[in-house]
Amino acid sequence: MKILIATPEATPYVKTGGLADVTGALLKEYTRMNHQPSLMLPLYRQIREHFNLTDTGHRVIIPIGNQRMAGRIFSHGPFAYFLECDGFFDRGDLYGTPDGDYPDNAARFIFFARAVLEACIALRLEPDVIHCNDWQTGLVPLYMRTLYHNDLFRRTATLITIHNLGYQGLFDASSLLLTGLPAEWFNPEGIEFYGRVNFLKAGLIASDVITTVSNTYAQEILTPEYGYGLDGFLRTRASVVHGIINGIDTDEWDPLRDTFIPATYSAGSLSGKRACKKDLMKECSLSAHDRNIPLLSFVGRLSAQKGLDIFTEAADDIIAAGIHVIILGKGDEEIQNTILSLARKHRAKIFVKIGYDEAFAHRVYAGSDLFIMPSRYEPCGLGQLIAMRYGTIPVARRTGGLEDTIADYKPLRESGTGFLFDDYKALSLKEALGRALCVYVDAQRWSRIISRAMAQDFSWKRSAEEYITLYADTIQKRKG
Ligand code: ADP
């Protein structure tokens, strides 16, 4: 099967969140399964700086309103293509600076969406299916069914994955002119959304199939609470909405072979994990008078979605309970300042590192006892999967993918891989942590929960097979 993955991010090239892990891992899995996948990304500055790319000799010229933007098509290895337009992508960041989004994001991702199709034509890729990801690629399916309908794409199936419905790509009505789409698309049945243009909605309208990254989230986006205004529209397409859970790259995240951590370990022999904890506490200058002190961590984007406000509210009690905390994250400045002031207040008990640090993340996952994800909503979540693989027990809110991947601990049945709570409240988080501590103090029970967590299979194999089945059905329907 010829599969084209159009995406704004993919590991190892460029990553700001879980979406990059998903697209990078799918490319690897499909290759292993002997399909013919390819990947298309914008050529951001950081990709050019870190990878030795080859100029394919092909160019694309894309109309953006009255302008014409040109760029070359680069490749890396046999599968990855990068669409150049330095005016749009040769910048310090992907989508914006801490002060806000780039003002020309509409034009940037109009360019990218059309360039994906132009590049397919130029490179004669003729994919059976184009798999789009998030709002940055939302226009691709709509272009395929409108401006490019007479081209090669009539029989090409499309699938769009919603990695996070909280980000929809909303732009002023005037950006419709930049898209080149007829004005009639600007209505509530089209890509209008409360007076603005919605790029994700374009993809949801025009794709053959819509997927999201867990079964629970696939249900939640049909409700007003998590539908972010698109639930009504999504309900009209409910029959083509599917949930496919994300996996993790189990080669990259493997406590037995991880080169970032000071000592490797497995479920059968946890002395390496204890060494990782000791090392981590030292690295973070946490008071280590008692090595049995439970160490709790958070790794993730500092955004309101991730629930750090209820953690902040609970922090004094968490510290009073004798827990030490490590937070690694980057994002919202206000959240950053709040947790930095917590770290100042609880010196040697809370350590905060602001920034994106892959190597440190590995050491945190390996060296911690507990991992919190108090998310307001969580489409899938990768942090809890990585944590479990490293024997670090998640304490998480029962929502989206967290609910689908963490089994709540049941003392009488001696089952479960983590601790879940329902209400988005500091008190509920504290109660779940309290339950976790009751087990933590019992070394035997704790080692059994670690074994169960580490025995879970979060590899991509099964999910990649589910995508392939869905592609095959969709291709067959489209080819009639
Ligand atoms: P989201 O996609 O909403 O950001 P996920 O839990 O799905 O959240 O994926 C986040 C991924 O990014 C995980 O692999 C996590 O380890 C990684 N990550 C997030 N923030 C950081 C950071 N500051 N430093 C290193 N890795 C990070």
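1. The ligand comes first: in this predicted model, 19 residues surround the ligand, and the closest of them are Gly18, Arg301, Gly355, Tyr365 and Leu382. Sorted by character, the residues of this shell divide into seven nonpolar, seven polar and five charged.

2. Several backbone atoms approach the ligand, and they can be inspected one by one in the structure. At glycine 18, a backbone N or O atom lies 2.7 Å from an oxygen atom of the ligand, while at glycine 355 a polar backbone atom is 2.8 Å from a nitrogen atom of the ligand. Aspartate 357 also takes part through its backbone, where an N or O atom lies 3.0 Å from a nitrogen atom of the ligand. How much of the ligand's accessible area does the protein cover? On its own the ligand has 560 Å² of accessible area, and the protein covers 93% of this.

3. The shell can also be read by element. Those that give two or more residues to the shell around the ligand are the helices α1 (18-32), α14 (358-367) and α15 (383-389), together with the strands β15 (295-302) and β16 (324-331). Which element gives the largest share of the shell? That share, three residues, comes from β15. In terms of domains, the shell draws at least three residues from domain 1 (2-247 + 461-479) and at least three from domain 2 (271-457).

4. Strand β15 belongs to an open sheet of six strands, which follow the order β17-β16-β15-β18-β19-β20 with parallel pairing. The edges are taken by β17 (350-354) and β20 (419-421), each of which has a single partner strand, so one side of each is left without a neighbour in the sheet. From one strand to the next, the twist of this sheet averages 15°. Within it, β15 and strand β18 (residues 370-373) run parallel and are joined by two bridges, and serine 297 has phenylalanine 371 in β18 as its bridge partner.

5. A further open sheet is formed by nine strands in the order β3-β4-β5-β2-β1-β8-β9-β13-β14, and here the pairing is mixed. Its edge strands are β3 (54-64) and β14 (241-243), each of which pairs on one side only. Neighbouring strands of this sheet are turned against each other by 25° on average, with direction ignored.

6. The edge strand β3 is worth following residue by residue. It runs antiparallel to strand β4 (residues 67-76), and eight bridges join the two. Among the facing residues, isoleucine 61 stands opposite alanine 70 in β4, and arginine 59 has arginine 72 of β4 as its bridge partner. The hairpin made by β3 and β4 has two residues between the strands, and in this hairpin glycine 65 takes a positive phi near 60°.

7. Aspartate 249 deserves a separate look, since its side chain takes part in more than one short approach. This residue is placed in the loop between β14 and α11 (271-283). Which side chain does the side chain of aspartate 249 meet in a polar contact of 2.7 Å? The partner is lysine 28, and the helix α1, whose range is 18-32, is one of the elements named above for the ligand shell. A polar atom of the aspartate 249 side chain also lies 2.9 Å from the backbone nitrogen of aspartate 251.

8. Two points of backbone geometry remain for a careful reader to check. Threonine 11 and proline 12 are joined by a cis peptide bond, with omega at about 0°, and proline 12 has its place in the loop between β1 (2-6) and α1. Glutamate 126, although it is not a glycine, has a positive phi of about 45°, and this residue is found in the loop between α4 (105-123) and β8 (129-133).

Conventions. Residues numbered from 1 in each chain as written. Predicted model: local features only at pLDDT ≥ 70, side-chain atom pairs only at ≥ 80, totals over all residues. Heavy atoms only, no water. Near = heavy atom within 4 Å. Polar contact = N/O pair within 3.5 Å; in protein donor to acceptor, adjacent residues only side chain to side chain. Areas by Shrake-Rupley, 256 points an atom, 1.4 Å probe, with all protein chains shown as cover. Helix = DSSP H or I, 4+ residues; strand = E, 2+ residues; numbered from the N terminus. Nonpolar A, V, L, I, M, F, W, Y, C, P; charged D, E, K, R; others polar. Domains from an automatic or database assignment. Pairing = 2+ DSSP bridges. Axes fitted to C-alpha atoms, helices over the stretch in contact; angles between N-to-C directions.
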